[in-house]
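Reader: Could you take me closely through the aromatic ring pairs of this model, and through the residues around them? I would like the criteria spelled out as you go.

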Amino acid sequence: MRMNRILLPALVSLLAMGCGKAAVRTQALAPEKPAPAVTAQKETVAKAEPEASKEQAPEEGRHEVGDYVVYRFSGSFQKAPVTLTERVVAREKNALVIDFILEEGKVATELRVRLSDASETRGEVLGVQRIEKGKLVPAGVDEYEALMAKTMVVADENEAALGSEHVVAVMGNDLLPAKRTSFRVKIGEKKATLTTVVSDKFSWGDLSGEITADDGSVIYRAEVVNVGHVVETKTGKEPQVARSDYEDYE
């Protein structure tokens, strides 16, 4: 799932072409926002939202140092659930530096990735470093791609769009106008339904994505479990949330 927003893949676009991915942690600094709950919304109300969304989009889409999101990926595509944390550690003129932390049980893989934030190339990988024992080690784009591949699933065929509806996603105290869309897909020999929930007001990526086989089993589920902002303090006693082993930025 890859979105042309900050970084998380967009299930809809990638699965339509043959692959996909989707993907929140926070504290004391800014109130923690739990995973979003989604409820159906009357179309008359939903139609009033897009204009306000477009007016605010440029501001809401801007990520600042300390912003982070945590996604959880589960389903039969993996032996066990994994989490992916992304935190902005630096903002440059036309680029963002983001720490990616993939946790597979007790094993964590950490990368520091420099991404283009220019409108014409937003999301393009400009450089990758691996974080090892508190040190930055040069790495290649292939390591970043390998890390992200562990949060993706490949659809062999996108058979049809089943429809979409306007919904309201509840995240903490925030109500986000969103759209839920469903597709018929094929994963190997299994026929399944892909459902995604997206919102223009959530700039990290899709709010959720799920692929469910016709027998009811979940092949793939991507969900936001936490989102927030880490506020640095002079005392250095801020909660250690969404933190990599290398906290300096040079």
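Author: What follows is a description of the aromatic pairs, with some remarks on confidence and on one hairpin.

This is a predicted model, in which local features need pLDDT of at least 70 and side-chain atom pairs count only at pLDDT 80 or more, while totals for chains, interfaces and linings use all residues. Residues are numbered from 1 along each chain as its sequence is written, and side-chain values use heavy atoms, with hydrogens and water left out.

The mean pLDDT (the predictor's confidence in each residue, from 0 to 100) of the protein chain is 76, and 68% of its residues reach 70 or more. Over residues 41-59 the pLDDT stays under 50, and the model has twelve contacts (heavy atoms within 4.5 Å) for them beyond four places in sequence.

A pair of aromatic rings is described by the distance of the centres and the angle of the planes. Here rings of Phe, Tyr and Trp (its six-membered ring) pair if their centres lie within 6.5 Å, and planes under 30 degrees apart count as stacked, over 60 as edge-to-face and the rest as tilted. By this rule the count comes to four aromatic pairs. The pair of Tyr71 and Phe73 is stacked, because the ring centres are 6.3 Å apart and the planes stand at 25°. Tyr71 is buried (under 20% relative accessible area; exposed is over 50% and partly exposed in between, with a 1.4 Å probe and protein chains only), its relative accessible area being 0%, and Phe73 counts as buried at 0% as well.

Phe100 and Tyr144 form an edge-to-face pair, with 5.5 Å from centre to centre and 75° between the planes. This pair links distant parts of the chain, since Phe100 lies in strand S5 (residues 95-104) and Tyr144 in helix H4 (residues 141-149), 44 residues apart; helices (H or I, at least four residues) and strands (E, at least two) are DSSP runs, numbered from the N terminus. Phe100 is buried at a relative accessible area of 0%, and Tyr144 is buried at 5%.

Ring pairs also link Tyr71, Phe73, Phe77 and Tyr220 into a cluster. Ser74, placed in strand S3 (residues 67-74), is buried at 8% relative accessibility, and its contacts outside four places in sequence include Tyr220 and Ile219.

Turning to the hairpin, strands S10 (residues 157-171) and S11 (residues 174-187) pair (DSSP must find at least two bridges) in the antiparallel sense over 13 bridges. Ala160 stands opposite Arg184 in S11, and Gly172 takes a positive phi near 65° in this hairpin, which has two residues between the strands.
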